[in-house]
Amino acid sequence: WYGISAVSFFVDLDNNGRWTPGVDIDIGVGALYSGTSQNGVWALSRAANWGTGTFRIFADARDTDGIWAGPTVYFDLLVT
């Protein structure tokens with residue numbers, strides 16, 4: 001384990017807690033905002049027009065060996 005090499009973000013439209021091709025919205029891969037790959041903050045900025053509602057945004061981290069690492073993190077975004 002060397003650290004995180006990528007964090008992928010997606011909107012979980014079917015609310016199943018995992019990426020579903022053809023259903024969920026891929027937002028993209030974040031960038032290391034501050035800190036190091038072992039202890040840093042990853043961020044992604046996107047403009048989107050999804051309409052109103054509550055959207056669950058997930059972030060999956062991949063380590064430097066390309067293996068999915070750690071628990072999936074999510075937050076709910078309320079668009080009014």
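Here is a short chat about a few spots in this predicted model.

Colleague: Let's start with Asp-24. Where is Asp-24 found?
Modeller: Look for the first two strands, β1 (4–11) and β2 (25–29). Asp-24 belongs to neither, as it is found in the loop between β1 and β2.

Colleague: Which side chain of opposite charge is nearest to Asp-24, and how far away is it?
Modeller: Asp-24 is buried yet has no salt bridge. A salt bridge needs the charged atoms within 4 Å. The nearest side chain of opposite charge is Arg-18, at 7.9 Å.

Colleague: Which backbone nitrogens lie 2.9 Å and 2.8 Å from a polar atom of the Asp-24 side chain?
Modeller: Polar contacts here have to be within 3.5 Å. The 2.9 Å distance goes to the backbone nitrogen of Leu-13. The 2.8 Å one goes to the backbone nitrogen of Thr-20.

Colleague: On to the rings. What kind of aromatic pair do Phe-10 and Trp-19 form?
Modeller: By the rule used, the count comes to four aromatic pairs. In this one, the ring centres sit 5.5 Å apart, with 80 degrees between the planes. Angles over 60 count that way, so Phe-10 and Trp-19 are edge-to-face.

Colleague: And is Phe-10 buried or exposed?
Modeller: Buried means under 20% relative accessible area. Phe-10 has 3%, so Phe-10 counts as buried.

Colleague: Last one: which residue stands opposite Gly-35?
Modeller: Strands β3 (residues 31–35) and β4 (residues 40–43) pair in the antiparallel sense over four bridges. A hairpin joins them through four residues. Opposite Gly-35, in β4, stands Gly-40.

Technical notes
Residues numbered from 1 in each chain as written. Predicted model: local features only at pLDDT ≥ 70, side-chain atom pairs only at ≥ 80, totals over all residues. Heavy atoms only, no water. Pairing = 2+ DSSP bridges. Buried < 20%, exposed > 50% of the residue type's maximum accessible area, 1.4 Å probe, protein only. Lys, Arg positive; Asp, Glu negative; His and termini not counted. Polar contact = N/O pair within 3.5 Å; in protein donor to acceptor, adjacent residues only side chain to side chain. Phe/Tyr/Trp six-rings, centres within 6.5 Å; stacked < 30°, edge-to-face > 60°.
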